[in-house]
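Here is a set of exercises to work through with the model open in your viewer. Try each task before reading its solution.

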Amino acid sequence: MFMSTSPSATSAAALRRLLGQPGMLIAPGAYDGIGARLIEQAGFSAVYMTGAGTSLARGFPDFGLLDMGEMVANAGVMARSVSLPVIADADTGYGNELNVTRTVREYEARGVAGIHIEDQVSPKRCGHLDDKEVVSRDEFISKIRAAVAARRNPDFLLIARTDARAVLDLDEALWRANAALAAGADMAFVEAAQTLEEVAAIPKRVQGPCLLNVVPGGRTPIFDLREAEAMGYKLAILPGLMIKAAIEAGDAALAELRATHRAPAVSGTVAQTFSRFGADEWNDLRRRFQTGAGKA
C-alpha cells in the first residue's frame, strides 16, 4: 500500500460512513506511523491518535506538555501513513476560541478525519489521573461553537470531551455533553466513568452519539466491547493498546539481550519488514523512472 494521498474531505467522509453503519466502530490507538500501519493491516477500519502516546513518544508524561504544532505534526504523519480515517486527540484546543479555530483548521489540513476537544484547564492531564481541573460551562461551550464554525468540511468530525465526571459529578458531565451537542458537536465523550452502571447510563442520557474510552488500569471498568455496543456507544477508542504492547515487548527484548548477550530472535527478514511499510511500491516507482516508463 502506497502512502495515502486522500484529501481530508475523503477521510472525513469515510469516517462518517463508518459511523453511519449499524453497530460500534472500534479505533485502536497508535502514536506513530508504525502503529497506524499495524492497525490497518490488522483489519480495523479507523485509527485513533493518542495524545498520551504522542507525549510518551517524545519523552514526556501526559501532562499537557506538547503544543499544538507537535500534536498536529504527529497526526499528519499518521494520516499520510494509512488509507484509514484517523481520529486525533486535540487536548483543550490549545487556548481560547481563536486558538481552537486554528487547531481545527490545522488538523483538517493534515488529512485528519476528526478530533476531540476537552474542557480541562490548560495544561491538561491524562483523564484517568487525579488533580484535574475543568473550565466553566460557558468557556467549554464557546470553544465547541468556535470549533464548529472553524471547520471547512462539514464531514470533519468534532467530538466534545468532558472531564467533569472526575472533577464534579456525572450529572455535570452529562449536562456538558448535551450542551456541547446542542452547540454543534457531532459526538460526546464523557471521560472516566467510574462504574459499569455509569458507563451504561451515559448513552441513555446523552442526546447524541457517544464515545467510550477504554483505558486498562484507568478509572473506567474494562469489559467486552460487544457489551458497549449493546449499550449504544458508536465509537470506542483504545489509546493505550499499542503503548502497552510496545513497552512490554521492549522490556522483554532488552531483558533477554542483557541476560543472554544475544539479539533476540525475530520473525521475517529486514526486507519483509520494509515491505509492510510500502517498500515494494517505492521500488516499483524507482524502477519505472529508471527504465524511462515514467517520462512524460
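**Exercise 1. Find the volume of the second largest cavity in this predicted model, then describe its wall.**

*Solution.*
Step 1. The second largest cavity has a volume of about 50 Å³.
Step 2. Select its lining: Ile115, Ile117, Ile144, Ala147, Val148, Leu158, Ile159, Ala160 and Ala185. Strand E4 (114-118), helix H6 (137-150) and strand E5 (157-162) each give two or more residues to this lining.
Step 3. Sort the lining by residue class. The count is 9 nonpolar, with no polar and no charged residues.

**Exercise 2. Search the whole structure for cavities of 30 Å³ or more, and characterise the largest cavity.**

*Solution.*
Step 1. The search returns 3 cavities at that threshold.
Step 2. For the largest cavity, the volume comes to about 60 Å³.
Step 3. Its lining consists of Val190, Glu191, Ala192, Ala193, Val199, Ile202, Leu211, Leu212, Asn213, Thr220 and Tyr233. Two elements, helix H9 (196-205) and strand E7 (210-213), give two or more residues to it.
Step 4. Which element provides the largest share of this lining? That is E7, with 3 residues.
Step 5. By class, the lining of the largest cavity has 8 nonpolar, 2 polar and 1 charged residues.

**Exercise 3. Take Ala192 from the lining of the largest cavity and examine its backbone and its exposure.**

*Solution.*
Step 1. Place the residue: Ala192 sits in the loop between strand E6 (187-190) and H9.
Step 2. Recall the usual backbone behaviour: most residues other than glycine have a negative phi.
Step 3. Now read the torsion. Ala192 is not a glycine, yet its phi is positive, at about 60°.
Step 4. Is Ala192 buried or exposed? Its relative accessibility is 1%, so Ala192 counts as buried.

**Exercise 4. Look at the backbone at Asp91 and at the peptide bond from Ser122 to Pro123.**

*Solution.*
Step 1. Asp91 belongs to the loop between strand E3 (86-89) and helix H5 (97-109).
Step 2. Phi of Asp91 is near 50°, which is positive in a residue other than glycine.
Step 3. Check burial against the cut-off of under 20% relative accessible area. Asp91 has 6%, so it is buried.
Step 4. Move on to the peptide bond, remembering that most peptide bonds are trans. The bond from Ser122 to Pro123 is cis, with omega near 0°.
Step 5. Pro123 itself is in the loop between E4 and H6.

**Exercise 5. Describe the largest pocket: its volume, its lining and its chemistry.**

*Solution.*
Step 1. The largest pocket holds about 480 Å³ of space.
Step 2. Its lining has 27 residues, and the closest to the pocket centre are Ala52, Asp62, Cys126, Val215 and Ile243.
Step 3. Helix H3 (51-57) and helix H11 (241-260) are the elements that give two or more residues to this lining.
Step 4. The classes are 14 nonpolar, 7 polar and 6 charged residues.

**Exercise 6. Work out the exposure of Val82 and of Ala249, and find how far each lies from a partner in sequence and in space.**

*Solution.*
Step 1. Val82 lies in the loop between helix H4 (68-81) and strand E3. With a relative accessible area of 0%, Val82 is buried.
Step 2. Val82 and Ala36 are 46 residues apart in sequence, and their C-alpha atoms are 6.6 Å apart.
Step 3. Ala249 is part of helix H11. Its relative accessible area is 47%, so Ala249 is partly exposed.
Step 4. Ala249 and Phe44 are 205 residues apart along the chain, with 22 Å between their C-alpha atoms.

**Exercise 7. Does the overall fold look compact or extended, judged by its radius of gyration?**

*Solution.*
Step 1. For 296 residues, a compact globule would have a radius of gyration near 19 Å; the protein has 20 Å, so the two agree.
Step 2. Along the principal axes, the C-alpha atoms fill a box of roughly 65 × 55 × 35 Å.
Step 3. Count elements and burial: there are 13 helices and 8 strands, and 48% of the 296 residues count as buried.
Step 4. Turn to contacts between residues at least 6 apart in sequence: 72% of these join residues at least 24 apart.
Step 5. Finish with the surface. The protein exposes about 14300 Å², of which carbon and sulfur atoms supply 55%.

Notes
Residues numbered from 1 in each chain as written. Predicted model: local features only at pLDDT ≥ 70, side-chain atom pairs only at ≥ 80, totals over all residues. Heavy atoms only, no water. 1 Å grid on protein atoms, 1.4 Å probe; cavity = no way out; pocket = protein on both sides within 12 Å on 5 of 7 lines; lining within 4 Å. Points joined across faces, edges and corners; volume = space filled by probe spheres on them. Helix = DSSP H or I, 4+ residues; strand = E, 2+ residues; numbered from the N terminus. Nonpolar A, V, L, I, M, F, W, Y, C, P; charged D, E, K, R; others polar. Rg over C-alpha atoms; globule rule 2.2 N^0.38 Å. Buried < 20%, exposed > 50% of the residue type's maximum accessible area, 1.4 Å probe, protein only. Contact = heavy atoms within 4.5 Å. Areas by Shrake-Rupley, 256 points an atom, 1.4 Å probe, with all protein chains shown as cover.
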